[in-house]
Amino acid sequence: MSDGVAGLRDALRERYTIERELGRGGMATVYLARDLKHKRDVALKVLDPELGAVLIRYSSPGKCRRSC
């Protein structure tokens, strides 16, 4: 298990149980998970950390014009 998945499992352990990876693309990874509150299987889409850092950087107030 990679450190990223271990960290994800740890961060979400009170709400979801991560079962396995379903797919991976250029911007995100999708996991099969169990929603513990609603007792059903769900798909969790998680942005890659590098992309998340870019989105946070450019979503700061006053940093982005309306065309973004």
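# Exercises on a predicted model

The largest nonpolar core consists of 7 residues: Val 5, Leu 8, Tyr 16, Ile 18, Tyr 31, Ala 33 and Leu 44. Two or more of these core residues come from each of α1 (3–12), β1 (16–24) and β2. The structure is a predicted model, and the exercises below start from this core.

**Exercise 1.** State which residues Tyr 31 contacts, leaving aside its neighbours within four places in sequence.

*Solution.*
- Step 1. Begin with the core: Tyr 31 is a member, together with Val 5, Leu 8, Ile 18 and Leu 44, among others.
- Step 2. Those four are also in contact with Tyr 31.
- Step 3. Complete the list: Tyr 31 further touches Arg 20, Glu 21, Leu 22, Val 42, Ala 43 and Val 46.

**Exercise 2.** Give the order of the elements along the chain and the order of the strands in the sheet.

*Solution.*
- Step 1. The protein has 2 helices and 3 strands.
- Step 2. Read from the N terminus, the elements follow the pattern α-β-β-β-α.
- Step 3. In space, the 3 strands make an open sheet ordered β1-β2-β3, with antiparallel pairing.
- Step 4. β1 and β3 are the edge strands; each has a single partner, so one side of each lacks a neighbour in the sheet.
- Step 5. From one strand to the next, the twist averages 30 degrees.
- Step 6. Add the helix: α1 lies across β1, β2 and β3, and runs at about 140 degrees to β1.

**Exercise 3.** Describe how β2 and β3 are joined, and identify the β3 bridge partners of Leu 32 and Ala 33.

*Solution.*
- Step 1. The two strands run antiparallel and are joined by 8 bridges.
- Step 2. Leu 32 is bridged to Ala 43 of β3.
- Step 3. Ala 33, a residue of the nonpolar core, is bridged to Val 42 of β3.
- Step 4. The hairpin formed by β2 and β3 has 4 residues between the strands.

**Exercise 4.** What is unusual about the phi of Lys 39, and is the residue buried or exposed?

*Solution.*
- Step 1. Locate the residue: Lys 39 is in the loop between β2 (28–35) and β3 (40–47).
- Step 2. Most residues other than glycine have a negative phi.
- Step 3. Lys 39 is not a glycine, yet its phi is positive, at about 55 degrees.
- Step 4. Its relative accessibility is 60%, and the cut-off for exposed is over 50%, so Lys 39 counts as exposed.

**Exercise 5.** What percentage of the residues is buried, and what share of the exposed area comes from carbon and sulfur atoms?

*Solution.*
- Step 1. Of the 68 residues in the protein, 18% are buried.
- Step 2. The exposed area is about 5,600 Å², and carbon and sulfur atoms supply 53% of it.

Key. Residues numbered from 1 in each chain as written. Predicted model: local features only at pLDDT ≥ 70, side-chain atom pairs only at ≥ 80, totals over all residues. Heavy atoms only, no water. Buried < 20%, exposed > 50% of the residue type's maximum accessible area, 1.4 Å probe, protein only. Areas by Shrake-Rupley, 256 points an atom, 1.4 Å probe, with all protein chains shown as cover. Pairing = 2+ DSSP bridges. Core = buried A, V, L, I, M, F, W, Y, C linked by side-chain atoms within 4.5 Å. Contact = heavy atoms within 4.5 Å. Axes fitted to C-alpha atoms, helices over the stretch in contact; angles between N-to-C directions.
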